[in-house]
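Biologist: I'd like to learn how to read a ligand site in a model. Can you walk me through one?

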Amino acid sequence: MGQPLRVGIVGVGAISGQYLTTFARLASEGSDTVRLVAVADLDEIRAAAVAAEQGVRALTVDELIKDPEVDLVLNLTIPAAHAEIALQAIAAGKAVYGEKPLAATLEDARAVVDAARAAGVALGCAPDTVLGTGVQTARKAIDDGVIGAPIAATATMMTPGHERWHPNPDFYYQPGGGPLLDMGPYYVTTLVTLLGPVVSVVGAASHTRATREIGSGPRAGTVIPVDVDTHVTGVLRHASGALSTLVMSFDSVATRASEIEVHGQTGSLIVPDPNTFDGDVQLHELGGAWRTLPPSAGYRDAGRGYGIADLAATPPGVPARTNGDVAYHVLDIMTSLLAASATGTTVAVESTCERPAAVPLA
Ligand SMILES: NC(=O)c1ccc[n+]([C@@H]2O[C@H](COP(=O)([O-])OP(=O)(O)OC[C@H]3O[C@@H](n4cnc5c(N)ncnc54)[C@H](O)[C@@H]3O)[C@@H](O)[C@H]2O)c1
């Protein structure tokens, strides 16, 4: 077995715990593909606490990025800091894997993708949920022709908003946030995984409230500004001709709609929540009834961080499944949709990407 990929985390806030759990689990299962070596955060007390708990070093951000023992910088900062941290890490010759979105703006994302390519370092980006058995089993069914030629998909994410549970939800309501840029990566990456790249979009969006109130934690009751659209709808035209209808909302109390459905000439599929790794895929063939497909592809019992293990296991020169071109295309689709909503026009999506390689059942 080769050397483990040595990971330094920048940003040890709410989501970092899920990555730490995955790293600990992989280690307990005897896998030495990924090893945590250091953490850093603007909040040095937080970094020190996580470092002590994990038995690794707490460094400043600058020290971590330059540390000779760090091979990959895991960027778990807020969206507004994604590009800045990624560019610093790439300049130091490190591989980077970041939380979604790739950057808060498409221009910044382009700079990150170009810098990684020029430096010859690996670039990966969440979501890695698409590597789990849920989305991968659905993909295998589509690729095997089980529903015939895919014609359409629906993707629906409707919640009242993250300020009810997140102690610091400000970033969800600032540029780079909103329901589309925050939750859209799960749904749009899944649609690209299932149906391929997108060539154009139309959309409409609304901005319903100027403020939101934090519902939990030490800042409960604090009123925060809302500077983004909070209900976004659109239609994505895939290069294959399939049409995906998208609704992403922080303005809805509840829904019974499936997170994702894919409809083909001879069958329909319900795809489980793309913000999770597993869940049942349901198939309804023409003339039949709904039935559950057994997991047939993807990483079983996966968690956040599997994308990094997948990247670590990818041979040099081969793009990782969660590569920067996919993340850039996904961000391009989402920013094009916001532009289409703002202008009331059809917007061509300039970028494209290869469908990431399918994941065999593992
Ligand atoms: N919270 C979730 O459930 C969740 C789920 C999936 C993905 N994500 C994504 O993960 C990322 C982080 O979200 P979070 O909820 O953990 O946020 P958070 O605010 O809880 O944590 C972010 C951490 O990054 C630190 N940080 C911010 N800017 C920094 C900088 N320039 N240098 C060093 N540290 C910096 C903050 O001090 C904080 O500790 C976001 O991109 C978010 O979209 C969050």
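Modeller: Sure, polar contacts first: a polar contact is a pair of N or O atoms within 3.5 Å. Here, a polar side-chain atom of H82 sits 3.1 Å from an oxygen atom of the ligand. For K100 the distance from a polar side-chain atom to a ligand oxygen is 2.9 Å, and for R46 it is 2.5 Å.

Biologist: Hang on, what kind of model is this?

Modeller: It's a predicted model: local features need pLDDT of at least 70, side-chain atom pairs count only at pLDDT 80 or more, and totals for chains, interfaces and linings use all residues. Residues are numbered from 1 along each chain as its sequence is written, and side-chain values use heavy atoms, with hydrogens and water left out.

Biologist: Which residues are the closest to the ligand?

Modeller: A residue counts as near if one of its heavy atoms lies within 4 Å of the molecule. By that rule 25 residues surround the ligand, and the closest are A14, I15, D41, R46 and H166.

Biologist: How does that shell divide into nonpolar, polar and charged residues?

Modeller: Asp, Glu, Lys and Arg count as charged; Ala, Val, Leu, Ile, Met, Phe, Trp, Tyr, Cys and Pro as nonpolar; the others, Gly among them, as polar. This shell has 14 nonpolar, five polar and six charged residues.

Biologist: Which helix gives the largest share of the shell?

Modeller: Helices are DSSP runs (H or I, at least four residues), numbered from the N terminus. Helix 4 gives the largest share, four residues. Helix 4 (79-91) and helix 7 (178-195) each supply at least two.

Note on methods. Polar contact = N/O pair within 3.5 Å; in protein donor to acceptor, adjacent residues only side chain to side chain.
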